[in-house]
Amino acid sequence: MRIPRFFPLQPAFDALRFAEPLGRPSPGRWLAALPVLARQPRAALALARAWLGGKRVRARNLATALLGAAHRLHPRSVPAPERAALPEDPVILCPPGHALAAGAVALIVEAFRREPGLQALYGDALVLGPGDAPLFPLLRPAFDPDFLRAVDYVGPVVALRRSARDEGGPAEGPALLLDLHERHGPGAVRHLPRLLSLWRPFAAQAPGGAVGRGPAVVPALRRPLPDPLPVVSLIVPTRDRVDLLRTCLDSLGACTDWPALEIIVCDNDSRETETLAYFREIAAAGRARVLACPGPFNFAAMNNRAADVARGRLLGFVNNDVEAFRPDWLRRMAEEALRPEVGAVGAKLLDGAGRIQHGGIVLGTGGLVTHAHRHFPGDAPGYLHRLAATHRVSAVTAACLVVEARKFAEVGGFDAEAFAVDFNDVDLCLRLDRAGYRTLMVPGAVLHHREAASRRWTDAARARHAAEVAAFRARWGTALGADPWYHPGFDPQAPTYTRLGPAPAQASLR
């Protein structure tokens, strides 16, 4: 039987749409890469040398940067179905179209035995096509109420403690898990990163479940804003590069639907005549304040100094190579940043080619950190629809980051001594998280980012970077091996969400 190219048009299947259209890439897709390689011969030569030299990881990463990223998540095998009888406690929900994988019952029972406070558990799934052909796995993140309210990334196969089941409330689905989370608090709903179930989406469709092209976006969950709107201080560090700065500030003025706006330009020893003239122009017009930040370039210290004099309730850190083009970007970020329990909020950033440059930051990949979904198409839904719905992440880039001023001050702002240029944003997010404020990625806020367009590498810069890498590992090394919002089943040496890695030897609840 031929594999359909699209999943049923129902919200329950939104988490699967990253794999559409189904089926292997056609040869034409690879032939289309030839003109790209021809236009960039130096990059193509570096790729070929890496591959022929046996540096396969480097070659794959170069190919992804050059040709774009894609999900190549090919399962190695299909587990047998579970033979063990279902226990009375915990209660395991497994509706038609789904089946438990061999060993799932024992893993579930043991997890509840070890964790007395556990009320509900979900795991990973393998999606099967006609004839039980393996299509791809669903490797889920830790429990994220914000994400679950928009996308049912958990699925219907969940295990519940009998006492929690008897409490009443919603009978199934996201509403059930959200209710348990509200009643029992953090830790009541957990994820076990092990393959627990098999999903046959074409075997049991609900009434009206026609197969066709799925919706491009999920319904946006919007939050009320205070009236009047609070002042937002946008902080833009720069050193010359008036070409970038002018584009950035023009876009912020023309494409930011927020009346109470303050822009602070942090000037780090600009010298060019055109730049200085532009500073006088924008200051005279009242478009921005220019704050002198002399001395060696210290991105963190410049932002901290501007935050100290900013009038805004919200701080927005914006690189001078970022360009706004959708007017609602700040509203979307402010809605989340003003929530009492939320710390840093990040945006979806597109590179010069219109591809994803930033979709949140993942810890541990590539040995340190990397941007999620980097080099995927700009309109891609993302793995489990993560580029279409607000969700929790470990960190976001300060190229476009919004945070309440009081929370920023509470944790001491950016660490300008340890992380003058690199990792200061990740360090800030992790310290906010430690203080009880979660970090959110808001894909509804979209901007362009010409990453590092104004950055130049020197011997001194490389030495500084190496020192910051060492400092980051010393402070956050434990966290690098266990990002709860990224699955350990992905290849840590590959671009995010592109390849499967070895199955984790041990899997702990998270």
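Which element gives the most to the lining of the largest cavity? I shall come to that after a brief introduction.

Good morning, colleagues. The structure under discussion is a predicted model, and my subject today is its internal cavities. As general background, rolling a probe the size of a water molecule over the atoms shows where empty space is left. In this model, there are 3 cavities of 30 Å³ or more.

Let us take the largest cavity, which contains about 70 Å³ of space. Its lining is made up of 15 residues, and those closest to the centre are Val362, Ala372, Arg386, Val393 and Tyr497. Two elements each give two or more residues to this lining: strand S14, spanning 361–363, and strand S16, spanning 391–393. This brings us back to the opening question: S16 gives the most, with 3 residues. As to chemical class, the lining of the largest cavity comprises 7 nonpolar, 5 polar and 3 charged residues.

I turn now to the second largest cavity, whose volume is about 60 Å³. Among the residues that line this cavity are His98, Asp124, Arg140 and Trp199. The lining also includes Gly123 and Ala125, the run Val154, Gly155, Pro156 and Val157, and, further along the chain, Leu196 and Ser197. Here the elements giving two or more residues are strand S3, at 120–128, and strand S6, at 189–199. How does this lining divide by class? The second largest cavity is lined by 6 nonpolar, 4 polar and 2 charged residues.

In closing, I would direct your attention to strand S16 at the largest cavity, and to strands S3 and S6 at the second largest. Thank you.

Key:
Residues are numbered from 1 along each chain as its sequence is written. This is a predicted model: local features need pLDDT of at least 70, side-chain atom pairs count only at pLDDT 80 or more; totals for chains, interfaces and linings use all residues. Side-chain values use heavy atoms; hydrogens and water are left out. On a 1 Å grid over the protein atoms alone, a cavity is a set of points where a 1.4 Å probe fits but cannot get out, and a pocket is an open set with protein on both sides within 12 Å along at least five of seven lines; lining residues have an atom within 4 Å of a point. Grid points are joined across faces, edges and corners, and a volume is the space filled by probe spheres set on the points. Helices (H or I, at least four residues) and strands (E, at least two) are DSSP runs, numbered from the N terminus. Ala, Val, Leu, Ile, Met, Phe, Trp, Tyr, Cys and Pro count as nonpolar, Asp, Glu, Lys and Arg as charged, and the others, Gly among them, as polar.
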